[in-house]
Amino acid sequence: MKAIPGLLLVIGGLFVALTYLLIQGDVPDTVPHQRTLNALHEVILGDAALQRDVLRARAGLLRSYDPLVKAMGDMRRATKQLGAAAGIAGASAAAIAEHHGQLVAALDAQEELLEAFKSNNALLQNSTKYFGYVSHQMAARLTGAPDRDLIRAEATVLSNAMLRFTGDPEADSGAHLRASLDRLAGLPAPLPLQTELQMVVTHGRLIASMLPVVDGLRARLLATPITERARALQEAYLTQHGRAEARAELSHLLLYLAAVALLAYLAHLFLRLQARLTFERLIAGIAAAFVGLPREQTAQGIRQGLARLAAHLGADHAYVLLPGAHHGAGGRTLHWRCDGAATSDGWPASMLALCERLNRSAPGGRVIRVRRVAALPPGPDRATLEALGVCSWLCVPLRRTGEQVDFLGFEARVGRRWREEDVVLLRAAGEIFAKALECEQALAKKEALEADLYQAQRMEAVGTLASGIAHDFNNILGAVIGYAEMALEALPSDSRIREYIQQIWNAGERARGVIAQIRGFSRRAEVERRPVRLRALCEEAIGLLRASLPATVVIELHVEAAASEAVVLGDPSRLHLVIINLCTNAAQAMDGRGLLAISLAIVEPEQELALSHGVLAPGRYLRLAVTDTGHGIDAATAERIFEPFFTTKRLGGGTGLGLSTTRAVLADHDGALNLRSRLSEGSTFEVYLPHLEPSITVAESVITPVPGGRGEAVMLVDDERPLVMLGEEMLAALGYEPVGFDSAPRALAAFRADPGRFDLVLTDASMPEMTGTRLASELRKIRPDLPVVLMTGYPGSVPADRLRAAGIREMLRKPLASHTLAESIARHLCPGRGGTDTAGDRGVQAEV
Amino acid sequence: MKRVALASPVGRVGAVLAAGLLMGVLWLLWPASRTPQPLAPGGVPIERSPTAPADAEPITPLPAAPGLEPAKRQLGEKLFRDPRLSRGNTMACASCHHLEQAGNDGRDRPTGINGGRLDFNVPTIFNAALRFRLNWRGNFRTLEELTEAVLLDAKLMNTTWDELLAKLRTDPDYRDSFRIYGGDLEPWQVLDALATFQRSLLTPNSRFDRWLQGERRALTQEEEQGYQLFKSYGCIACHQGVNVGGNLFQRFGIFTDRPVASAADLGRFTITGQERDGRVFRVPSLRNVAATAPYFHDGSEPSLAGAVRTMAQSQLGRSMTDAEIDRVVRFLRTLTGEYRGRPVTTTELSEPP
């Protein structure tokens with residue numbers, strides 16, 4: 001916008017200058033010029049004619065004065081015209097006007113003389129003619145008259161005197177003539193021819209007096225310097241005219257030069273426009289190159305674009321600097337170098353620092369153009385550039401959303417002029433690159449999300465499958481373990497059979513662990529959240545682990561002071577599982593020998609943190625790290641380590657579910673996983689869980705002693721006979737009096753028969769004749785205060801509102817563990833007892 | 001790239017500019033396209049008019065009226081005859097210059113617009129354009145100057161330009177007529193029209209002119225003798241040229257002193273104030289002299305013969321016999337020409353003063 005007044009000024013100046021030249025270049029018009037010359041000629045010719053005619057008039061040869069009048073009139077008119085013509089000579093008209101004034105003065109003098117000459121000459125001519133006529137008459141009439149001798153003699157003398165006088169009107173001859181006339185006039189009267197005599201004397205005297213006058217006038221007339229003055233005027237005029245012409249020629253030349261200069265400028269503009277067009281095409285080409293470019297080739301595409309730009313600008317080095325977390329923690333640099341040479345040490349960092357410093361000092365995205373670095377004033381900027389070997393530098397800041405500024409830079413090893421008009425286009429090119437990068441990132445994010453979705457779908461499928469298997473398997477297992485327990489109790493301690501049964505029980509327990517893993521994995525939908533103190537969970541888990549791991553594995557727990565009371569929101573049992581899984585995994589990685597370190601710390605990343613598996617949004621986290629000194633994990637394994645059923649252990653060594661369950665649990669808890677590993681040095685699994693405000697009260701994780709019954713009657717309903725029997729054994733072992741039914745209608749009938757007999761009903765949820773909830777509602781119709789506990793092998797198979805409607809107090813997961821059962825029954829038989837959930841109780845569901 | 005350049009707007013504009021420039025150059029080079037600038041109009045072409053042949057008569061025939069723009073001449077005539085050119089619309093130019101007669105008023109001295117008698121006899125307006133100076137004292141060089149003076153003179157037309165132009169502007173006919181000049185009505189246009197008309201007032205075709213042109217029978221023997229006398233007595237010394245006088249100044253009373261009765265008798269002296277101009281007048285033209293009585297600057301001489309006698313005595317220093325005078329008068333009568341094909345006649349004093 002600033003350029004517009006300047007442009008107007010230039011255009012105005014040019015206009016004035018060209019107009020001035022045009023006016024100056026105005027050659028005196030040929031027509032007035034010719035008229036002036038003609039008028040001058042006319043004056044000169046008129047003067048010549050006048051002089052000639054004056055002589056002729058004096059000699060009596062001019063018949064009329066018309067030619068004189070005409071000559072004078074012509075000269076006057078021509079002179080008047082010359083006055084107007086003086087203006088033609090232009091500025092220096094003063095000299096011309098002076099000459100003209102002199103000419104006019106001469107002409108006025110001439111005219112005055114001419115008028116006097118005409119008047120006097122008329123008289124002179126008349127008298128001369130008359131004198132001659134009368135003299136002749138007298139001579140004729142006096143001839144032969146003796147008495148007139150005297151007069152004749154005198155007349156003769158007079159004639160001679162007159163002749164002499166007219167021939168040479170000297171003072172002497174004039175006196176002679178006058179004397180002769182006086183003598184004639186003095187003759188005594190009367191005389192013959194008296195009248196004629198008087199006439200002769202009169203006219204003679206007139207001649208005597210007039211002739212010198214006329215001759216004097218004639219001489220002055222001829223001497224009047226009209227022609228000289230006219231010539232002087234002509235000279236002055238032509239000089240001025242020549243000067244004007246020279247000036248006109250000069251300004252014509254200047255006009256021509258101006259036209260040539262403008263033409264050259266036009267050509268220059270044309271070329272520049274064309275260059276710009278080329279540049280625009282180049283940039284359009286660069287932009288087009290990104291269309292449909294695969295994501296992985298974006299960087300390559302940008303490098304190619306930079307190469308094309310650099311080639312156009314004649315730069316040796318072109319780059320895009322993307323600082324800050326915008327593109328990941330360390331920023332990003334894309335560059336192109338003409339010779340492919342390595343960049344100077346610390347190149348991107350120092351250059352980026354310089355760019356950012358300069359940009360801060362001159363905000364508003366000012367472009368920095370350095371034609372010659374050597375010409376810069378000494379200072380850190382110049383030093384930086386020189387250290388980088390830059391000779392000429394162009395830096396275009398690209399403002400992005402927010403405070404983030406990227407830089408597009410060009411360097412040359414020779415001095416280069418960076419044209420300002422290119423900068424706009426370069427900015428456009430920079431935007432193209434930035435867009436391409438953004439696009440690339442968006443695509444990457446999209447791909448990650450797609451991968452996550454795929455994983456989730458896979459997990460869900462696996463989970464559903466596992467859940468089904470686990471249910472059936474669980475029931476079988478319940479029977480196996482239950483009977484094994486009973487067998488163990490029934491057998492004497494030294495029996496060999498007992499040893500075998502013990503092995504069966506052990507295997508059953510392992511199978512239960514597998515089922516627990518499967519169910520932990522598949523139970524994602526029903527996360528129960530409560531504030532959990534992770535430290536307590538860790539300690540609990542360590543207690544368990546110490547028992548199960550060989551003593552060659554040293555377990556250490558490091559808790560940061562801040563983290564010791566730290567609380568997360570979650571499902572304690574599942575989190576417990578996570579810890580167990582991670583530690584088990586670590587122990588296995590060490591082949592049963594080494595240091596297993598568990599640490600708890602609070603971390604607060606301020607920016608998004610990239611993890612090995614996923615990203616961590618800024619926030620406050622509790623980090624649980626499990627470090628082993630094992631064989632480490634290679635990259636390929638690390639990538640798949642959290643997939644379900646992926647295991648490095650030999651067949652039968654592991655389920656391949658532990659870490660995938662861990663990942664699933666963490667995902668449900670808005671947590672994140674990070675794996676750091678070095679081959680043959682060990683690995684660290686880091687778990688990040690959102691830190692909860694510590695004000696929330698946390699239920700202490702306690703493992704309470706198993707409460708026992710005092711002979712209360714418990715109705716047990718299950719359609720599977722073995723399970724009924726197992727349940728009866730369990731209840732009996734816990735001190736209750738179990739009454740088992742393998743059919744719901746029969747159980748209902750028995751209840752009807754004696755409703756007060758039973759203190760609690762324990763029923764399976766899914767039975768062929770009547771569902772558990774239906775049975776529960778029927779029973780409560782009979783006795784509304786009856787506590788009913790539901791058992792199920794399918795998690796989430798009965799909605800909570802239906803449970804509540806049916807008056808079911810709690811739902812237990814099969815296979816039943818005896819202490820779970822004990823606690824539940826104790827809770828519902830006697831509401832004052834217990835009442836809090838217990839950590840590690842995997843069977844407990846939401847209390848209704 | 002070239003194709004691109006031509007297709008671009010810049011290329012097109014450049015091509016148009018170049019084509020325009022080329023056409024301009026061609027136009028400049030094309031000789032026929034430049035209108036030749038005539039030299040003559042407005043300019044003064046050199047006119048090498050032959051001076052009168054030395055052996056010809058001292059009097060030359062009147063030329064035909066020059067070619068004048070008819071529209072201007074007609075407008076001038078209308079103005080000439082229009083009394084609105086005077087204050088009170090009482091007096092036109094034609095009031096004193098009777099064009100149907102001898103171009104004068106036939107009186108010794110005219111009566112001014114305010115009733116007073118003026119100092120000089122009205123000279124005929126015929127052939128006035130051929131006089132080297134105008135009026136008795138020769139105090140005007142051009143018809144335009146004289147006309148303006150007459151219009152503005154308090155004793156004559158007594159008008160002012162404002163008044164006069166206002167009158168002319170209100171007249172639609174004049175508004176139309178003056179359009180030939182273009183632009184607003186201005187004084188110079190009025191003067192130019194009047195002067196143009198006056199330039200047309202020539203009276204050619206007098207018997208003497210016909211004689212000069214070779215028609216020997218145009219003059220009787222006596223008239224021819226009169227002409228010879230006119231020449232030999234010296235009248236011709238002043239009364240020569242195309243206008244038979246009117247081309248020089250001369251003192252009235254060379255050989256006799258004429259009485260000075262009024263300032264008017266001092267002649268040109270009243271203009272220049274120089275002693276040598278005392279009693280000097282412009283020599284009057286003798287064209288139509290027989291019709292333009294009374295004579296002399298003050299109109300004091302009613303008869304032509306008397307005027308000739310006075311002239312012979314005072315200017316030539318001699319007396320002429322009645323017979324000689326008669327012959328000269330006969331000659332002078334042959335100088336009466338024609339205006340618009342009709343002989344110029346003596347102005348009758350039929351109109352009231």
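## A guided tour of the predicted model

Begin by selecting strand 19 of chain A, residues 808-813, which is mostly covered, since five of its six residues are buried; buried here means under 20% relative accessible area, with exposed being over 50% and partly exposed in between, for a 1.4 Å probe and protein chains only. Helices (H or I, at least four residues) and strands (E, at least two) are DSSP runs, numbered from the N terminus.

Before going on, note that this is a predicted model, in which local features need pLDDT of at least 70 and side-chain atom pairs count only at pLDDT 80 or more, while totals for chains, interfaces and linings use all residues. Residues are numbered from 1 along each chain as its sequence is written, chains are lettered from A and ligands numbered from 1 in the order in which they are written, and side-chain values use heavy atoms, with hydrogens and water left out.

Next, add strand 18 of chain A, residues 788-792, which pairs with strand 19 of chain A in the parallel sense over five bridges; two strands pair if DSSP finds at least two bridges between them. Within this pair, Thr792(A) stands opposite Arg813(A) of strand 19.

Now select Val43(A), Leu50(A), Leu68(A), Met138(A) and Leu177(A), the residues with the most contacts inside the largest nonpolar core, which has 64 residues. Such a core is a set of buried Ala, Val, Leu, Ile, Met, Phe, Trp, Tyr and Cys residues joined through side-chain atoms within 4.5 Å. Helix 4 of chain A gives the most to this core, with 15 residues. Staying with Leu177(A), and not counting residues up to four places away in sequence, you will find that it touches Leu158(A), Ala161(A), Met162(A), Phe165(A), Gly204(A) and Ala208(A), where contact means heavy atoms within 4.5 Å.

Then turn to the cysteines: the structure holds zero disulfides over all chains, a disulfide being a pair of cysteine sulfur atoms within 2.5 Å. Cys395(A) is buried because its relative accessibility is 0%, and its sulfur lies 3.6 Å from the closest cysteine sulfur, in Cys355(A), which is too far for a bond. In chain B, Cys93(B) is buried at a relative accessible area of 13%, and its sulfur is 9.1 Å from the closest cysteine sulfur, in Cys96(B), again too far for a bond.

Finally, select Asn104(B), in the loop between helix 4 (93-96) and helix 5 (143-152) of chain B, which counts as buried because its relative accessibility is 1%. Leaving aside neighbours within four places in sequence, its contacts include Cys96(B), His97(B), Pro123(B) and Thr347(B).
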